Amino acid sequence: MVENGSCGVAGAERGGERAAVGTGLRLVRYMPDAAGTAGDGGGEQPAGRKDRGGRTPGEDGRIVRLPGRQDDGGTGTAGTDDFGIDGLQGLWTRLVEDDLVRVVFHDGGVTDFGAFARLLAPERAWLYRVDAHAVPQGFFWCNGFSGRAAQVHFCFFRNGMSAARAAGAMALTFLLAPQCADAPLDTLLGVTPAPYRHALRLAADLGFSRLGVVPAGTRLAPGTPGGGEAGRVVDVVLTVLTRDAFRTMTTS
């Protein structure tokens with residue numbers, strides 16, 4: 001069993017930007033039975049309640065524990081609260097309002113809240129919301145676990161686009177914790193449709209390296225940006241970021 005360590009999340013710097021310290025950014029973990037309502041910032045756990053943690057089965061049969069609340073080391077940003085099913089409904093509502101459902105779920109596999117909730121259930125994924133001064137900016141999730149590797153996916157709302165780099169850097173620091181020997185993951189993978197140049201630019205800015213291209217690796221569903229009326233098969237770009245590479249990038 002791989003458990004998250006006790007290291008606090010420090011600010012991650014790249015190109016002069018600092019994530020965490022001074023940005024008001026905070027990660028809020030999704031746990032379906034957590035207290036709180038949609039848009040409330042997630043809610044603190046009730047006094048005396050034990051954090052059971054979520055567990056995600058890796059593809060190789062190992063169990064990876066969902067990283068939970070951490071000592072923030074005085075930054076006020078590294079620890080995580082929890083949000084429940086009402087908060088998840090709030091994320092879906094924002095996706096619909098910002099017309100992002102067909103962008104994020106480009107293959108058409110998620111079209112309603114039920115499918116959204118199933119995709120992000122704790123037994124399948126780690127899901128965190130990113131708040132800035134208690135206002136949701138977007139979210140990210142990990143799935144496709146295999147040992148200490150996982151796929152990572154980012155989504156930022158219209159109001160959160162300007163914070164995407166700082167929030168992304170903070171999320172990566174949280175997941176890879178380069179200063180901590182027992183960080184939950186060693187490798188993060190990106191699987192991005194080739195036409196999604198904005199997403200590929202963000203991945204490059206965050207330090208992901210391109211592994212290669214899978215020809216005709218995915219389909220843009222009808223009605224999605226770039227998919228047209230009939231849909232379109234496109235290439236997929238594979239990217240990777242390891243904990244060692246992230247450590248080198250943030251300390252050089």
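This is a short tour of a predicted model, stop by stop, with something to select at each one.

**Whole chain**

Start with everything shown as cartoon and coloured by secondary structure: there are 6 helices and 12 strands to find. Now colour by burial, and 48% of the 252 residues come up as buried. If you like contact maps, pull one up too: of the contacts between residues at least 6 apart in sequence, 65% join residues at least 24 apart.

**The largest nonpolar core**

Next, select F140, C142, L175, L185, L188 and F208. Within the largest nonpolar core, which has 31 residues, these are the ones with the most contacts. Two or more residues each come from strand 3 (25–30), strand 7 (126–132), strand 8, strand 9, helix 4, helix 5 and helix 6 (243–251). Helix 4 is the top contributor, giving 10 residues.

Stay here and centre on F140. Which residues does F140 touch, leaving aside those up to four places away in sequence? Show L27, W126, L127, Y128, V130, V152, H153, F154, A171 and L175 as sticks and you have the set.

**A second core**

Now pick A115, A125, W141 and C155. They are among the 21 residues of another core, which lies apart from the one you just left.

**M170 in helix 4**

Go back to helix 4 and click on M170. Is M170 buried or exposed? Its relative accessibility is 2%, so M170 counts as buried; the cut-off for that is under 20%. While you're there, draw a distance to R26: the two C-alpha atoms are 8.7 Å apart, although 144 residues separate M170 and R26 along the chain.

**The largest pocket**

Turn on a surface and select H153, F154, T192, Y196 and A199. Of the 38 residues lining the largest pocket, these lie nearest its centre. The elements giving two or more residues to that lining include strand 9 (149–156), strand 10 (187–193) and helix 5 (197–205), and helix 2 (101–104) is also one of them. The space inside comes to about 1000 Å³. Colour the lining by residue type and you get 22 nonpolar, 11 polar and 5 charged.

**Helix 6**

Last stop: select R243, F246 and M249, the buried residues of helix 6. Look down the helix axis and they fall within an arc of 125 degrees, so they line one face of helix 6. Then add D244, T248 and T251, which are exposed on the other side of helix 6.

Notes:
Residues numbered from 1 in each chain as written. Predicted model: local features only at pLDDT ≥ 70, side-chain atom pairs only at ≥ 80, totals over all residues. Heavy atoms only, no water. 1 Å grid on protein atoms, 1.4 Å probe; cavity = no way out; pocket = protein on both sides within 12 Å on 5 of 7 lines; lining within 4 Å. Points joined across faces, edges and corners; volume = space filled by probe spheres on them. Helix = DSSP H or I, 4+ residues; strand = E, 2+ residues; numbered from the N terminus. Nonpolar A, V, L, I, M, F, W, Y, C, P; charged D, E, K, R; others polar. Buried < 20%, exposed > 50% of the residue type's maximum accessible area, 1.4 Å probe, protein only. Core = buried A, V, L, I, M, F, W, Y, C linked by side-chain atoms within 4.5 Å. Contact = heavy atoms within 4.5 Å. Arc of directions from axis to C-beta.
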